Structures are given as structure tokens and as C-alpha cells.
Amino acid sequence: MGELEQLRQEAELLKKQIEEARKGVADTTLAELTSGIEVVGRVQMKTRRTLRGHLAKIYALHWSTDSRLMVSASQDGKLIVWDTYTTNKVNAIPLRSSWVMTCAYAPSGNFVACGGLDNMCSIYNLKTRDGNVKVSRELTAHSGYLSCCRFLNDNEIITSSGDTTCAVWDIETGTQKTVFMGHTGDCMSLAVSPDLNLFISGACDWSAKLWDLRDGNCRQTFIGHESDINAICFFPSGNAICTGSDDATCKLYDLRSDQELTSYSQESIICGITSISMSRSGRMILAGYDDFNCNIWDTLKAERIGECSSEPGHSDLIMEPLSILLFQVWTDCSLPPLLLSGVLAGHDNRVSCIGVNEDGMAAATGSWDSFLKIWN
Amino acid sequence: MSGTVCSSGAVTQAQRAVEQLRLEAATERIKISKAATELMLYCQENCRQDPLLSGVPASANPFKDKKTCILL
């Protein structure tokens with residue numbers, strides 16, 4: 001028998017072993033354990049703020065750890081830092097590449113980062129002496145698009161890429177300290193554990209992987225999804241993870257029992273999940289879908305308990321072109337094309353990104369209709 | 001001997017896959033009854049600190065709807 005065939009057989013054997021070991025600890029199900037508790041009452045969240053100013057699809061958002069500022073990235077080629085309490089734009093950062101897919105806020109509040117089809121992760125210093133936001137580093141090494149990035153601290157950032165790898169970078173030197181290889185499909189999303197020792201990635205190989213930042217190893221691989229995993233987040237205790245996939249389901253995996261606990265799906269939901277976040281206690285999952293909605297799930301009972309839906313009617317629709325016009329003039333002194341109304345037409349608000357802030361006070365959604373909304 | 005030519009690249013990749021699977025197979029796993037119960041407990045212990053879940057009184061909501069100004 002050739003060596004390759006031998007190795008393939010050994011791999012199959014090990015996979016079966018893992019499956020058996022998982023079954024061995026499956027002494028009950030989440031459904032059984034939660035049979036005695038009530039479903040969370042119907043949740044009705046209202047739009048508290050609408051953040052207007054981007055001119056094209058919003059692809060990503062990330063809250064600052066102060067639960068008030070937030071950065072968003074749009075394919076209009078801008079990063080905007082918002083004060084969500086007042087809706088004021090604190091910074092409007094023009095990007096060298098408009099093909100942005102992700103953005104991140106450093107825990108300190110001193111930096112933001114973004115990247116996308118330029119295959120780079122660009123770091124911006126928000127706290128320069130002269131007050132002008134500047135690119136402080138361009139991290140290049142990935143051979144595919146940057147799908148997600150998250151700061152560990154002011155000098156380290158984790159990236160996930162379409163080249164199937166994730167990496168931790170030393171921002172000062174601009175080099176990759178560790179490269180995490182193992183996925184066999186584009187890495188789409190990542191999330192850092194609360195204790196900062198681990199991170200998880202979701203990929204187009206339909207799996208999620210748990211990585212150890214200290215030794216660079218993949219500790220665990222979670223399977224079960226039947227299509228690309230686009231979104232991933234940690235349960236707040238750090239002991240479980242939640243994924244969202246193109247297979248129209250979200251799943252909860254427990255890290256310590258190394259398997260799927262439950263799936264969040266409904267026959268009527270047939271579109272993919274683009275983004276996912278959990279409420280502060282972990283009891284609710286907020287997931288953004290490829291259609292215009294964001295569904296809220298009871299994590300423990302696996303039932304849908306609500307949605308973030310837009311209020312009908314926009315009383316200040318007439319004012320929007322003017323506010324966008326003024327913003328465009330302010331940011332780059334150019335006059336926008338006359339077809340500004342094209343941006344407002346259709347209100348196709350496909351939710352592309354979602355995030356709950358650290359104090360759990362609000363959820364933010366970003367949409368292809370160029371608006372961001374704050375809900376609670 | 002089969003006529004298939006195996007590149008060393010494919011063998012190295014397969015070796016890595018097996019090593020990784022060995023590592024993952026050796027993971028210590030705890031029973032779902034214990035793991036899931038702890039998740040439930042965490043939700044319970046933190047439900048009051050979860051504004052989206054338990055609701056936010058308007059007075060404590062930094063995002064409460066802006067009211068229009070009234071001229072007195």
C-alpha cells in the first residue's frame with residue numbers, strides 16, 4: 001500500500017475515533033436539559049439611532065470597548081468612527097482601497113484597522129499629535145483577501161484571510177509572528193476568546209477551528225455545517241462558540257465537550273447568515289441574514305424570539321440627500337454625482353454586520369443600504 | 001506497484017493532517033450534562049446584567065429616543 005493511501009486510511013480512522021469520543025460524552029442534549037425552563041419572552045427592539053453618512057454598502061462594524069464609539073467600513077472607501085450616543089462622526093477616514101471587508105477597533109481606543117480585497121491589513125492611528133488620522137502600518141503577507149481582523153492590543157492584531165490562513169502580527173515590525181494553517185477553504189471570520197489566549201475561525205471548508213495563541217496549534221475542529229461559515233463569535237464565558245453559515249443555520253458548539261449542542265433554524269429561513277453576535281448573558285443570539293432581517297434566538301431553547309425590523313416610513317427622507325451631500329463635501333471636498341437619490345432608492349437593507357457592545361446596552365447593525373442602526 | 005505517482009507535497013500534507021487529527025483525538029472532553037449546565041448557569045447568573053434581555057428603563061438608556069425641544 002502506498003504511503004499516501006496509508007495516511008488517508010489513518011486519517012479516516014482518527015476521524016471515526018473523534019466521532020466516537022464525542023458520542024461517548026453525549027449523555028444528554030441541550031434540549032433535554034432546558035426542558036424545564038421557559039423560552040425568553042418575545043423581544044421587540046427599536047431603532048434608537050440611524051447613522052447616516054456612508055454612500056455605499058456597509059461591510060463591517062466594530063464597537064469600541066467603551067460601548068459608545070463604533071467604527072464602520074463601507075465600499076464607498078471610508079471608515080467612519082461614530083459617537084453612537086449623539087450620531088456625530090468623530091472621524092471619517094478615506095481609504096486607499098475601497099474594497100474593504102472588515103474593520104476593527106483596538107481595545108485601547110487608539111487605533112482602528114481595516115482590510116479587504118487589497119489583501120492587506122491597514123492600521124490607523126486615531127490619536128496622532130496633530131489630530132489627523134494617519135495610516136501607521138500596512139500589514140502585507142496574505143495572498144488572499146482580508147476577511148476579518150481583531151486587535152489583541154495596540155501592537156498585535158489577528159487576521160483571517162481568503163488564502164485559508166489566519167495570522168497574528170507584530171504591528172511595530174509589520175511581520176507575522178504566527179501563521180495558523182489548517183483550513184482548506186477561505187477563512188471568513190474570527191473571534192477572540194474573553195481571556196485572549198484562544199481564537200476561533202470560521203471558513204468555507206464548512207468547519208470552525210479553535211486556535212491556541214500561545215503555541216500556534218489548532219486545538220479543536222468543529223464540523224456539522226453544510227456550507228460556508230461566514231460568522232463566528234464566543235459565548236461570553238468563553239466555553240462555547242456560535243457560528244452562522246450559508247446553510248441557513250446557526251450552531252452552538254461547546255468547547256469542553258467538543259461538539260455541537262444545538263442548531264438554530266426554521267423551515268421558513270432559507271438564506272445564509274452574514275453576521276452573528278450574542279447578548280451579554282449569552283442568552284440571546286442576534287444573527288444577520290442575507291435577506292433584510294436580523295433574527296434573535298433564545299440560545300438555550302433554540303427558538304426564535306424576535307427580530308430587529310425597520311420601522312415603516314422615513315419621515316426625514318427628504319433631508320437625507322442634503323446630509324449626505326454635506327458629509328461628502330466635508331470629507332473630501334468633492335461634490336458627489338447628481339445621482340445621490342440612487343443611493344436611497346430601494347432600501348434594500350440586507351444586514352451585513354452586527355455587534356452587541358461590551359456593556360450589552362445595544363446592538364448595532366450595518367446594511368447594504370448604507371445605514372447603520374442602533375437597537376435596544 | 002501501482003502506476004500512481006505521489007508528489008512529496010501530497011504526502012507531507014497528508015502527514016500533517018494525520019498529526020493534527022491525532023492531536024484533536026487526544027482532546028479531553030467533558031460530558032454534555034456538565035458543559036451545558038454550566039452554560040445555562042452562566043446565562044442565569046448574568047441575566048440581570050443583560051440589558052437587551054431584561055429591558056432598559058428609559059432613564060438608564062443612553063440611546064433613548066431623542067425628544068424634540070419644547071419652548072417654554
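A nonpolar core is a set of buried Ala, Val, Leu, Ile, Met, Phe, Trp, Tyr and Cys residues joined through side-chain atoms within 4.5 Å, where buried means under 20% relative accessible area with a 1.4 Å probe, protein chains only. This is a predicted model, so local features need pLDDT of at least 70, side-chain atom pairs count only at pLDDT 80 or more, and totals for chains, interfaces and linings use all residues. Residues are numbered from 1 along each chain, chains are lettered from A, and side-chain values use heavy atoms, leaving out hydrogens and water.

Let's start with that core. The largest one has 25 residues, and Cys250(A) and Leu252(A) are among those with the most contacts inside it. Helix α2 (32-46) of chain B gives the most, with five residues. Cys250(A) also touches Ile276(A) and Tyr289(A), among others (contact: heavy atoms within 4.5 Å).

Now for a sheet. In chain A, β15-β16-β17-β18 make an open, antiparallel sheet, with β15 (187-192) and β18 (218-222) at its edges. Strands are DSSP runs of E, at least two residues, and helices are runs of H or I, at least four; two strands pair if DSSP finds at least two bridges between them. Four bridges join β17 (208-212) to β18 in chain A, and Trp211(A) stands opposite Cys218(A). Helix α1 (8-25) of chain B packs on this sheet, touching β17 and β18 of chain A.

Finally, UniProt's unreviewed entry places "repeat: WD" at several spans of chain A, including these two; such annotations may be inferred rather than shown by experiment.

| Span (chain A) | Helix | Strand | End C-alpha distance |
|---|---|---|---|
| Residues 51-92 | 0% | 57% | 13 Å |
| Residues 180-221 | 0% | 52% | 13 Å |

Key: Axes are lines fitted to C-alpha atoms, for helices over the stretch in contact, and angles run from 0 to 180 degrees between N-to-C directions. Buried means under 20% relative accessible area, exposed over 50%, partly exposed in between (1.4 Å probe, protein chains only). Lists of a residue's contacts leave out its neighbours within four places in sequence.
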